[in-house]
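Colleague: Please take a close look at one part of this model, the nonpolar packing in its interior. I would also like to hear about any enclosed space.

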Amino acid sequence: MKSRKKQILWSVVFLALVGFTLFTIVNQNESFSFYGFLEYVSKASWKWILLAFVCMLGFIIFEGLAIVVLANAFGYRKKAKRGLFYAAPDIYFSALTPSATGGQPASAFFMMKDKIPGAVTTIILLINLTLYTTSIIVIGIVCFLAGPGMLAKFGTLSKLMIIIGFCFQFILLAVFVLLVYKEKIVMKIANFGMRILYKMHLVRDIEKRQKHLKEVEQQYKECAKAIKDNKKSIFIAFLCNFMQRISQILVSVCVFIAVEGSITRAMDAFVAQGFVVLGSNSVPIPGAVGAADYLFIDGFGSFIQDPVSIELLSRGISFYICIIICGIVTLAAYMSESLKGMKRKKKC
């Protein structure tokens, strides 16, 4: 009941953020009008818009493939199409909750329904999250190397967000590596910090927390073993995560070409969107609503005349339509599981 109330609360917060963001974007551009936007869209090259939709679907499909590859590596053979039931809930609930905290539990629910043990599910999702983070770092490095001039065109606040985003992702990856390969050192530091907080009366029930810490340590030990024993599958899953991020960025590139008709500047659009992803990914706001929009308009505004219209079209495809599709798939998956449960009860 408490979980459902939280979901409803964050859904309301998300919708409020979306409404406020759209209102702000539209009202800041005095020349913007709804009919003007429709005319703008109607003049776009529809083959590139269609390709943008394909890339958006790729964002969902590649995550599902990554999870299936990792599940198969652990001996739980799943069909590629089943990955959609793992990826869609993750993407949908990640968009609705701050720092994407609701995504993995939702994905884990369906994985465990498919008889993948909870411990294995945790390790799979932990590895996948790390590969997701690694792919963002790799793309960030590519953007920094390929487009340092593009970074300079962003405003001061945007530059700060991009740098913080890169550092945050790098720290996450570093912590994961330490937990996997030097878990004893990290756990000793965590245990020491916990005892200090307990003496300061900032932490209660320290025995329970220390027990949980031991469980976490065991999970990372198993994670290290899984990485060592499944290097080929880990690499394939990384490629899937990398292609997932590329797919998301290419939505904006395709929309840019569709409305501007300039393939020669596609790399500028790719680098600009790469920086948008890097700067918005670590913002603790549901779906990075507002942050991603601000970064997009700031970055793309340096080389196109109407960044607001292209932002609304690009973000509409890559984010809003994407989460609607993921919401429908999640609902279908939930209904499918409910029907299976009812059938099992009747048999009993």
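**Core and cavity**

Modeller: Start with Ile 310, which is in contact with Tyr 40, Val 255, Phe 256, Val 259, Phe 296 and Ile 304 when neighbours within four places in sequence are left aside. Bear in mind that the model is predicted. Ile 310 belongs to the largest nonpolar core, a set of 60 residues, and is one of the four that touch the most other members. The others in that group of four are Phe 275, Leu 313 and Ile 317. By element, α11 supplies the largest share of this core, 10 residues. Another core lies apart from it and has 36 residues, including Tyr 86, Met 111, Val 180 and Ala 237.

As for enclosed space, the structure holds one cavity of 30 Å³ or more. The volume of the largest cavity is about 40 Å³. Its lining consists of Ile 136, Ile 139, Arg 245, Ile 249, Gly 274, Val 277 and Leu 278. Sorted by class, five of these lining residues are nonpolar, one is polar and one is charged. Arg counts as charged and Gly as polar, so Arg 245 and Gly 274 are the two exceptions in the lining. Three helices, α6 (118-146), α11 (231-260) and α12 (266-280), each supply at least two residues of that lining. The largest contribution, three residues, comes from α12. Helix α11 therefore appears in both parts of this account: it gives the largest share of the 60-residue core, and it also supplies at least two residues of the cavity lining.

Conventions
Residues numbered from 1 in each chain as written. Predicted model: local features only at pLDDT ≥ 70, side-chain atom pairs only at ≥ 80, totals over all residues. Heavy atoms only, no water. 1 Å grid on protein atoms, 1.4 Å probe; cavity = no way out; pocket = protein on both sides within 12 Å on 5 of 7 lines; lining within 4 Å. Points joined across faces, edges and corners; volume = space filled by probe spheres on them. Helix = DSSP H or I, 4+ residues; strand = E, 2+ residues; numbered from the N terminus. Core = buried A, V, L, I, M, F, W, Y, C linked by side-chain atoms within 4.5 Å. Buried < 20%, exposed > 50% of the residue type's maximum accessible area, 1.4 Å probe, protein only. Contact = heavy atoms within 4.5 Å.
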